[in-house]
Amino acid sequence: QVQLAESGGGLVEPGGSLRLSCTVSGRIWFILEMGWYREAPGQQRQLAASIDAHGRATYHDSTKGRFTISRDDAAKTVHLQMDNLLPEDTAVYYCNVFVRESISDGGRDYWGQGTQVTVSS
């Protein structure tokens, strides 16, 4: 079994910054993809940013240039640095990882419980 522990959400004023972190634990052989999705009220969950095992990052158009995703494989942790936050960034942010639990395992997605990010003055 794999567990995800998220931290770093909160309330921030427009233009401010927050840093989200997600640490993965449990039965892990290899973590392929790590990322953050977000879900605003009344909207579908969307990718905010992701990073693969080679360190290649993908961003939603709305987060490019403001968000930076990074991963620490030794700590099994993914970080999302969010700068110049806008009210439209308000959402519940979910950590997502694709994990192989053994060399013979094809892998599967795991999700965190979500952390609230609110951008408001």
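Cysteine 22 and cysteine 95 are both buried in this predicted model. A disulfide joins the two, with a sulfur-to-sulfur distance of 2.2 Å. The structure holds one disulfide. Look at where its ends sit. Cysteine 22 belongs to strand E3, and cysteine 95 belongs to strand E9, residues 91–100. The two cysteines are 73 residues apart, so the pair links distant parts of the chain. The bond also has a handedness. The torsion about the S-S bond of cysteine 22 and cysteine 95 is about -85 degrees, so this disulfide is left-handed.

Stay with strand E3 for a moment. Leucine 20 has its place in this strand. Is leucine 20 buried or exposed? Its relative accessibility is 0%, so leucine 20 counts as buried. Leucine 20 also brings a remote part of the sequence into view. Valine 117 is 97 residues apart from leucine 20 in sequence. In space, the C-alpha atoms of leucine 20 and valine 117 are 9.4 Å apart.

Now widen the view to the sheet around E3. Four strands form an open sheet in the order E1-E3-E8-E7, with antiparallel pairing. Which strands stand at the edges? They are E1, residues 2–7, and E7. Each has a single partner strand, so one side of each is left without a neighbour in the sheet. From one strand to the next, the twist averages 15 degrees.

Take the pairs in turn. E1 runs antiparallel to E3, residues 18–26, and six bridges join them. Within this pair, alanine 5 stands opposite threonine 23 in E3. At the other edge, E7 is joined to strand E8, residues 77–82, by six bridges. These two strands also run antiparallel. Here arginine 71 stands opposite valine 78 in E8.

E7 and E8 make a hairpin with four residues between the strands. In this hairpin, lysine 76 takes a positive phi near 55 degrees.

Strand E7 shows a simple pattern. In a regular strand, side chains alternate between the two faces of the sheet. E7 spans residues 67–72. What lies on its covered face? Phe67, Ile69 and Arg71 do. Thr68, Ser70 and Asp72 make up the uncovered face.

Next, return to E9, the strand that holds cysteine 95. E9 pairs with strand E4, residues 30–39, in the antiparallel sense over nine bridges. Isoleucine 31 stands opposite valine 99 in E9. E4 is also joined to strand E5, residues 46–51. Five bridges link E4 and E5, which run antiparallel. In that pair, glycine 35 faces serine 50 in E5. E4 and E5 form a hairpin too, with six residues between the strands. Glycine 42 in this hairpin takes a positive phi near 80 degrees.

Finally, move to the surface. Past E9 comes a loop that leads to strand E10, residues 108–111, and isoleucine 103 lies in this loop. Why does isoleucine 103 count as exposed? The cut-off for exposed is over 50% relative accessible area. Isoleucine 103 has 64% relative accessibility, so it counts as exposed. Isoleucine 103 does not stand alone. Trp29, Phe30 and Ile103 form a nonpolar patch on the surface. Together they have about 340 Å² of accessible area.

Methods:
Residues are numbered from 1 along each chain as its sequence is written. This is a predicted model: local features need pLDDT of at least 70, side-chain atom pairs count only at pLDDT 80 or more; totals for chains, interfaces and linings use all residues. Side-chain values use heavy atoms; hydrogens and water are left out. Buried means under 20% relative accessible area, exposed over 50%, partly exposed in between (1.4 Å probe, protein chains only). Two strands pair if DSSP finds at least two bridges between them. Axes are lines fitted to C-alpha atoms, for helices over the stretch in contact, and angles run from 0 to 180 degrees between N-to-C directions. A disulfide is a pair of cysteine sulfur atoms within 2.5 Å. Patches are made of residues with over 30% relative accessible area and no salt bridge: like charges are joined within 9 Å, nonpolar side chains (Val, Leu, Ile, Met, Phe, Trp, Tyr) within 5 Å. Accessible areas come from the Shrake-Rupley method with a 1.4 Å probe; for residues, only the protein chains shown count as cover. A salt bridge is a side-chain nitrogen of Lys or Arg within 4 Å of a carboxyl oxygen of Asp or Glu.
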